[in-house]
Amino acid sequence: MIFFSADVVGSTRFKNQHPITKSQKEAWPIIFNNFYNNFAKELYRCLDSYEKIEHHQIHCPSLWKINGDEILLKDIIYSESQVNSQTIAFYETVVKMDNELNKHDLGVKGCVWSAGFPIRNKEVYLHYASKYGEKVGQIQEWERPDMDTGFTQYVPEKIISDYIGVEIDSGFRLCVFTSKRQVAVSLDIADFLTRMNYNSQLRIHHVGWRILKGSYNDIPYPIFWLSRSDKINKVYPWDGYDDELKENYINKPYMHSDEVQKFITEYRNTPDLSRLLIFPYIFASDKPSEHEEIWRQTPELTEKIFVEEVKDDKN
C-alpha cells in the first residue's frame, strides 16, 4: 500500500496567536477545516487532469485518518505508473496548498511511503462498543433499581481499521525529515518512481542521512526530497541556514533515474541491511522465495487481527 502525509507547518504558533473569539470570522478551526477539505479536492482535481493527459484511469487515494494538523491518505498499489501519477499529483497539491496557507503565515509539508502486507505490516480492526447498553442479569439486592451501576453488556457500534508494522513506523519517522513546501519519499517510493523506463516529471534529490529511530537497527537512512522537472521549487538564499537537508536540496544536483537505482541497490545490499530491507513487489506472484516459505508455514498471516476497544459514551 501507498501512504501520503500532508502536515501543516507553523500550526501551534498560529493557534496561540489567534485564540478563538465569538467575533472572529477567520478563527483557526475554520482555516484548518478548509485545509482538510480543500486538500482532498485539489488532489482529486490534479489526478483528474493527469487522467486526461495519460488517457487512462488513475485510482484516487482515500482518507486514512486525521492526526491533529495532519491529513493521512492511503491506497492499494496496482502499478508503478500509479505510484508515479499519484505522487506527482500529491506533490502538486502540497505546493498549491502551501501557497494558499502562506497568507496565514502557515505552510504544508508532505511525505510519501509504502508498506508491504501482510508479512511486515498488518491491518488491524478496532471494535468500538458502548458499555451503556442493555442490562444483563438480575438486579442484585444491593442495587437500587434506579441506580446505574455499569453492570451492562457491550453493544458493538462500528469497526474501524488501522495499520501497524515496520514500514508504517518508519514512514511516520520519515515524516519528521521534510520541510515546508517539500515532499519526502521513502526508499521504496524512490525505487518505484525510477524503476520504469519513462521520463517522470519528478526529480529526486538525496539531501542527507537520518536515523529513523528504532527502524533498521538505527542505521542511517537516506532522505529523498522531490522537485518538478519543469518547474523550480521556490527557495530563498537563507533556506539552507542551519539546516543541512535544505542546504543540500539547494546546492546538490538532483539524481538521474539510473543513479537512484544504483544508489538503492547498493544500499539494500549493505550486509547490515540486506535482511531488513526487502525489494518491494506489487503482486503476490512476484514475492521472493523466502516470503513464499513464510506464507506456507504461517497461514494465519492471511487472517485479520482484531483489537477490542471500549468506548465510554459518557466521556
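**A buried loop, a cavity and two one-sided helices**

Y216 is buried, with just 8% of relative accessible area. In this predicted model, Y216 belongs to the loop that runs between β8 (202-210) and β9 (221-228). The backbone at Y216 has a phi near 55°, which is a positive value in a residue other than glycine.

D218 belongs to the loop between β8 and β9 too, and phi at D218 is again positive, near 60°, in a residue that isn't glycine. As for exposure, D218 counts as partly exposed, at 38% relative accessibility. With buried meaning under 20%, Y216 at 8% falls on the buried side of the cut-off, while D218 at 38% doesn't.

S215 sits in the loop between β8 and β9 as well. S215 is buried, at a relative accessible area of 6%. Setting aside neighbours within four places in sequence, S215 makes contact with S170 and R173. Of these two partners, S170 is among the buried residues of helix α4, which spans residues 166-175.

So what does the buried side of α4 look like? The residues tucked away here are E167, I168, S170, G171, L174 and C175. Looking down the axis of α4, these buried residues fall within an arc of 170°, so they line one face of the helix.

Helix α4 also turns up around an enclosed space. The structure holds one cavity of 30 Å³ or more, and the largest cavity has a volume of about 160 Å³. Its lining is made up of 17 residues, and the closest to the centre are E167, S170, D188, Y216 and Y221. Two of these names, E167 and S170, come from the buried set of α4, and Y216 is the buried loop residue from the start of this section. The elements that give two or more residues to the lining are β4 (107-114), α4 and α5 (187-195). Which of them gives the largest share? That's α4, with four residues. Sorted by class, the lining has nine nonpolar, four polar and four charged residues.

Now for the cysteines. The structure holds zero disulfides. C111 and C175 show why one pair doesn't make the cut: the sulfur of C175 is the closest cysteine sulfur to that of C111, yet the two are 3.8 Å apart, too far for a bond. A disulfide would need the pair of sulfur atoms within 2.5 Å. C111 itself is buried, with a relative accessible area of 1%, and C175 is one of the buried residues of α4. Elsewhere, C46 counts as buried too, at 5% relative accessibility.

A second helix with a one-sided arrangement is α6, covering residues 244-251, where L245, N248 and Y249 are buried. Down the axis of α6, the buried residues fall within an arc of 105°, so they line one face of the helix. What does this buried set pack against? The partners are α3 (80-101), β8 and β9. Strands β8 and β9 are also the ones joined by the loop that holds Y216, along with S215 and D218.

Terms used
Residues numbered from 1 in each chain as written. Predicted model: local features only at pLDDT ≥ 70, side-chain atom pairs only at ≥ 80, totals over all residues. Heavy atoms only, no water. Buried < 20%, exposed > 50% of the residue type's maximum accessible area, 1.4 Å probe, protein only. Contact = heavy atoms within 4.5 Å. Arc of directions from axis to C-beta. 1 Å grid on protein atoms, 1.4 Å probe; cavity = no way out; pocket = protein on both sides within 12 Å on 5 of 7 lines; lining within 4 Å. Points joined across faces, edges and corners; volume = space filled by probe spheres on them. Nonpolar A, V, L, I, M, F, W, Y, C, P; charged D, E, K, R; others polar.
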